[in-house]
Amino acid sequence: MIVYSDIVKQYGSITAVSHLNLEIEKGEIFGLLGPNGAGKTTVMRMTSTLTPPTSGKIFIGGEEIDRDSAAIKNRMGIVPQSSNLEDDLNAWENLEYHGMLYGMNKKDRRKRAEELLDFVGLLDRKNDIARHYSGGMKRKMMIAKALMHRPEIILMDEPTVGLDAAIRRKIWDLIRELHAQGMTVFLTTHYLDEAQMLCTRVGMIHEGRLVKTGTPEEMIREAGRHVLEYYQDGSTHQQFFTERSRALERGNQLSVGFQVRETNLEDVFIRLTNQRLSEKENTLGM
Ligand SMILES: Nc1ncnc2c1ncn2[C@@H]1O[C@H](COP(=O)(O)OP(=O)(O)OP(=O)(O)O)[C@@H](O)[C@H]1O
Ligand SMILES: [Mg+2]
C-alpha cells in the first residue's frame, strides 16, 4: 500500500532518513518506533507530501507520490505531531472546513461530521471552539478531521503523546476500530508498550536508519522471551534467554540482586540500539 524505495532525506549536513526501504501492506497497523530525533516525523512528512525526499521514491497504491496530486492526498488522512485544528472554529466547523477543502458536498459533510463526532465521543462538545479543548480532545478531533474525507490510509505522528492513560486507551480503541474497518494505519510512537499492544507490525528506526522490522511477537521471540536484569559496576545489564530456567540459573550465579521477567519490545529496542552502538565503535576502532 505504501512503498518506500531507497529514501534519503538530508537537511544540510544532517541525514534525517538514510536509505529507507519499506513496504506497508493494506490493512496493517504499522508502527514506526524510535527515540527523539530518529527520523519518524520526517518519514511522515515525506509520505504526506509536505516535504520531498532528497532521493528515492515513495509509492501509494502503486502510484508515485508528488506534491500536486490531489488524488494521492485524497487517499490519506493525516494526524500530525502538533495540532492542525483551526483554533477559532468549533469542532463542527473544523470538520466542515476540512470537508469543503476536499470537495465534499454539504449534505455529505453534515452526515460525515456527525458520524465522526460520535465516533470520537465529542458530539456533545461540537459547538465548543478548538482553542478551549483539552489535549486529549484535540487529538480526538484531529483524528476525526483526518478521517473526514474517507481516506484509505491514516498517518498518525505520535497520536498519544502527552495524553493520560485513559485517553491513550480510548485512542487505541479508535485505532483498532479503524483497523477492523479495513483501514491501513501507519503511526509513529516512542511508547514501546503502545506499539506492542496495538501494532500488527513495527519497524525500529535509529539515527535515520531502519534497523529492524517484524511483528512485536517475532522480535521478542528472536531476542529471547525471558530477560535477566541486574545492576552491576554502575550500569544495568540485560541478558536474554529462551528458557526461563536458564535465566534463573545464570542469575543465581551472580553476586548481585537480579530479576527475571518476560521480554518486552522496549528491551528489544535497547538491545538493538546497543548493538548498533557497539558495531559503530568497532568500525571506528574504539
Ligand atoms: N526542517 C528541518 N530542518 C533541519 N533539520 C531537521 C528538520 N526537520 C527535522 N530535522 C532533523 O532531522 C532529524 C530527525 O527529526 P524528526 O523530527 O524526523 O525526528 P523524530 O523521530 O520525529 O523525533 P521526535 O520523537 O522528537 O518527534 C533530527 O536530527 C532533526 O533535528
Ligand atoms: Mg517526531
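Two strands count as paired if DSSP finds at least two bridges between them. In this predicted model, strand 4 (residues 55–60) and strand 5 meet that criterion with 2 bridges, and the two strands run antiparallel. Within this pairing, Ile60 has Glu63 of strand 5 as its bridge partner.

**The open sheet**

Strands 4 and 5 belong to an open sheet of 4 strands, arranged in the order 2-1-4-5 with antiparallel pairing. Strand 2 and strand 5 (63–64) occupy the edges and have a single partner strand each, so one side of each lacks a neighbour in the sheet.

**The surroundings of ligand 1**

Strand 2 (14–24) also contributes to the shell around ligand 1; this strand and helix 1 (40–47) each supply at least two residues of that shell. The largest share, 3 residues, comes from helix 1. There are 13 residues around the ligand, of which Tyr11, Ala16, Asn36, Thr41 and Thr42 come nearest. By class, the shell has 4 nonpolar, 8 polar and 1 charged residues.

**The two domains**

The domain assignment divides the chain into domain 1 (2–83 + 146–214) and domain 2 (219–284). Their C-alpha centres lie 29 Å apart. Contact between them involves 9 residues of domain 1 and 8 residues of domain 2. On the side of domain 1 that touches domain 2, helix 7 (192–198), strand 9 (201–206) and strand 10 (209–214) each provide at least two residues. The residues of that side comprise 5 nonpolar, 3 polar and 1 charged.

The table sets out the class composition of the ligand shell and of this domain side.

| Residue set | Nonpolar | Polar | Charged |
|---|---|---|---|
| Shell around ligand 1 | 4 residues | 8 residues | 1 residue |
| Side of domain 1 that touches domain 2 | 5 residues | 3 residues | 1 residue |

**Helix 5 and its cover**

Helix 5 (residues 135–147) consists of 13 residues, and the distance from its first C-alpha to its last is 19 Å, close to the 18 Å expected at 1.5 Å a residue. Its buried residues are Arg139, Lys140, Met141, Met142, Ile143, Ala144, Lys145, Ala146 and Leu147. The elements that cover these buried residues include two strands, strand 6 (76–79) and strand 7 (153–157), together with helix 3 (91–101), helix 4 (106–119) and helix 6 (165–180).

Definitions and conventions
Residues are numbered from 1 along each chain as its sequence is written. Chains are lettered from A and ligands numbered from 1 in the order in which they are written. This is a predicted model: local features need pLDDT of at least 70, side-chain atom pairs count only at pLDDT 80 or more; totals for chains, interfaces and linings use all residues. The expected span of a helix is 1.5 Å times one less than its number of residues. A residue is buried if 20 or more other C-beta atoms lie within 10 Å of its own, exposed if 12 or fewer, and partly exposed in between; C-beta atoms are placed from the backbone. Two residues are in contact if their C-beta atoms, placed from the backbone, lie within 7 Å. Domain bounds come from an automatic or database domain assignment. Ala, Val, Leu, Ile, Met, Phe, Trp, Tyr, Cys and Pro count as nonpolar, Asp, Glu, Lys and Arg as charged, and the others, Gly among them, as polar. A residue is near a molecule or strand if its C-beta atom, placed from the backbone, lies within 6 Å of it.
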